[in-house]
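Here is a report on one protein model, written for a reader who works with coordinates. Sequence and structure come first, then the details.

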Amino acid sequence: MKPTLELDMFSVVLMLFAIILAYRSVSTNPRNRWYILSCLSLMLLLGTELFAYQVDDVGVASQIFFHRFTNVLGFSLSPVVCYFLLHFIGYSYYRKRSRLLLLPMILNAALSALSYQTGWLFYVDPVNVYSRGPIYFVSALITLFYYALCIIHLIKTLKRYEASDRPLLLFILIIPLFGFAAQMLWPWVLTLWPGIALSLLLFYLFFQEQRYSIDALTGLRNRSIFMRDLSNLQHSCKGPATVVVLDVNDLKKTNDTEGHRSGDELLVIASGLVERCFRSMGKVYRVGGDEFAIISVNTLSDSIENALSLLSLQIELANKTRTIPLSLAIGSASCESCIGNIFNTYVASDNAMYLNKKAMKGEAGRG
């Protein structure tokens with residue numbers, strides 16, 4: 001039995017196990033659908049490799065059609081795995097960019113189909129011998145393009161994770177890159193897809209563990225981590241801190257009139273804008289159904305004000321293209337020393353937010 005055949009069969013077992021785990025919580029975590037699609041497409045791709053082993057006998061003309069068709073299917077599926085993985089990792093960010101992201105995948109599928117006759121990506125000669133085509137690298141680059149987007153998104157959001165978790169996440173990221181490098185150096189050793197299979201399983205286990213600290217919808221830290229961080233600052237940090245609390249206005253009204261999907265979209269948009277404006281100066285959390293918070297330590301008040309002004313501008317720009325406008329009530333408070341004061345600061349910022357919400361409703365009523 002070929003070593004690559006053993007790796008493929010082991011990878012199929014890994015994917016079956018991963019699909020079973022993900023399916024059990026798909027109703028409570030919709031992003032798992034993308035993960036399951038990634039696993040299924042990888043299983044199908046591994047199946048094409050396993051079938052290719054059975055139809056690559058040199059000199060057997062009756063196998064040429066099946067050998068070529070299997071490679072068309074395998075090359076077409078290569079970017080699909082990473083495309084679905086990208087939507088799992090960047091669930092909230094890439095949902096509205098799906099159509100644009102399909103273009104490289106469509107190009108790869110077209111090149112794969114044409115290669116049956118042209119040999120551009122692969123070539124199976126008249127005696128049934130496989131070889132790489134002159135533009136083989138194009139399919140590999142398109143696959144790497146999607147995986148690179150996965151890496152970029154995770155690197156951009158590394159601050160969401162605890163420092164102790166980041167090395168593990170980076171290790172999971174680079175496993176397929178080792179497999180890709182090995183396959184480029186030794187074409188007869190097919191290690192890319194087994195590497196991605198292992199990485200897919202580890203990704204799922206990692207994100208499942210993060211479920212206890214990361215909000216599933218927005219990807220922000222959740223309330224339990226917020227309270228833990230407040231407690232740590234309350235007992236150990238002597239420096240100044242600012243707490244900002246933000247609340248999405250009229251979320252219940254949106255849920256009742258437009259449906260919960262529209263309400264979820266409003267939360268996702270709000271979380272993305274808040275994180276974009278504050279990620280460089282503190283940690284961002286989702287602390288309630290429609291409430292977000294930022295803890296910023298040792299940050300100048302002018303920087304906080306600039307971030308809030310930028311957030312207002314970003315909301316105004318976002319609302320120009322939205323049918324359901326986004327509106328946030330905001331409150332903030334600061335303390336000179338966190339020790340013994342940070343919880344009081346949080347209460348003060350929360351009260352300031354409710355005063356701001358009340359004032360906004362009053363202005364809306366007068367308008």
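## Overall build

Of the protein's 367 residues, 51% count as buried. Buried means under 20% relative accessible area, exposed means over 50%, and partly exposed is in between (1.4 Å probe, protein chains only). This is a predicted model: local features need pLDDT of at least 70, side-chain atom pairs count only at pLDDT 80 or more, and totals for chains, interfaces and linings use all residues. Residues are numbered from 1 along each chain as its sequence is written, and side-chain values use heavy atoms, with hydrogens and water left out.

The secondary structure comes to 13 helices and 6 strands. Helices (H or I, at least four residues) and strands (E, at least two) are DSSP runs, numbered from the N terminus. The C-alpha trace spans about 80 × 45 × 35 Å along its principal axes. Contact means heavy atoms within 4.5 Å. Among contacts between residues at least 6 apart in sequence, 72% join residues at least 24 apart.

## Two nonpolar cores

A nonpolar core is a set of buried Ala, Val, Leu, Ile, Met, Phe, Trp, Tyr and Cys residues joined through side-chain atoms within 4.5 Å. The largest has 51 residues, and Leu42, Leu200 and Phe203 touch the most other members. Elements giving two or more residues to this core are α1 (3–24), α2 (32–54), α3 (64–89), α5 (98–118), α6 (136–156), α7 (166–185) and α8 (192–210). A second, separate core has 27 residues, including Leu251, Val268, Leu311 and Ile315.

What does Leu42 contact, leaving aside neighbours within four places in sequence? The partners are Met15, Val81, Trp193, Ile196, Ala197 and Leu200.

## Helix packing: α7 and α8

The axes of α7 and α8 lie 8 Å apart, and the two helices pack at an angle of about 170 degrees. Axes are lines fitted to C-alpha atoms, for helices over the stretch in contact, and angles run from 0 to 180 degrees between N-to-C directions. α7 is therefore roughly antiparallel to α8. Angles over 145 degrees count as roughly antiparallel, under 35 as roughly parallel, 65 to 115 as roughly perpendicular and the rest as oblique.

On the α7 side, the contact residues are Leu168, Leu169, Ile172, Leu173, Ile175, Pro176, Gly179, Phe180 and Gln183. α8 supplies Leu192, Gly195, Ile196, Leu198, Ser199, Leu202, Phe203 and Phe206.

## Aromatic pairs and charges over rings

The model has 17 aromatic pairs. Rings of Phe, Tyr and Trp (its six-membered ring) pair if their centres lie within 6.5 Å; planes under 30 degrees apart count as stacked, over 60 as edge-to-face and the rest as tilted. Phe65 and Phe69 are stacked, at 6.1 Å centre to centre and 15 degrees between the planes. They are 4 residues apart in helix α3, so about one helical turn separates them. Phe65 is partly exposed at 44% relative accessibility. Phe69 is also partly exposed, at 47%.

Phe206 and Phe207 pair edge-to-face: 5.7 Å centre to centre, 85 degrees between the planes. Phe206 is buried at 5%, and Phe207 is buried at 12%. Both belong to one aromatic cluster with Tyr35, Phe88, Phe203 and Tyr204. Arg31 sits over two of these rings. Its charged end is 5.3 Å from the ring centre of Phe207, and Arg31 also lies over the face of Phe88, at 5.0 Å from the ring centre. A charge sits over a ring if NZ of Lys or CZ of Arg is within 6 Å of the ring centre and within 35 degrees of the ring normal.

## Buried polar sites and loops

Tyr161 is in the loop between α6 and α7. Tyr161 is buried, at 6% relative accessibility. Not counting residues up to four places away, Tyr161 touches Leu154, Arg166, Leu169, Phe206, Phe207, Gln210, Ile214 and Arg221. The C-alpha atoms of Tyr161 and Ile214 are 8.2 Å apart, with their positions 53 residues apart along the chain. Put plainly, the two residues are 53 residues apart in sequence.

Asn32 lies in helix α2 and is buried, with a relative accessible area of 0%. Beyond four places in sequence, Asn32 contacts Ala22, Ser25, Val26, Phe88 and Tyr204. Asn128 is in the loop between β1 (122–124) and β2 (130–132). Asn128 is not a glycine, yet has a positive phi of about 70 degrees, and is buried at 1%. Asp250, in the loop between β3 (241–248) and α10 (251–258), also has a positive phi, near 60 degrees.
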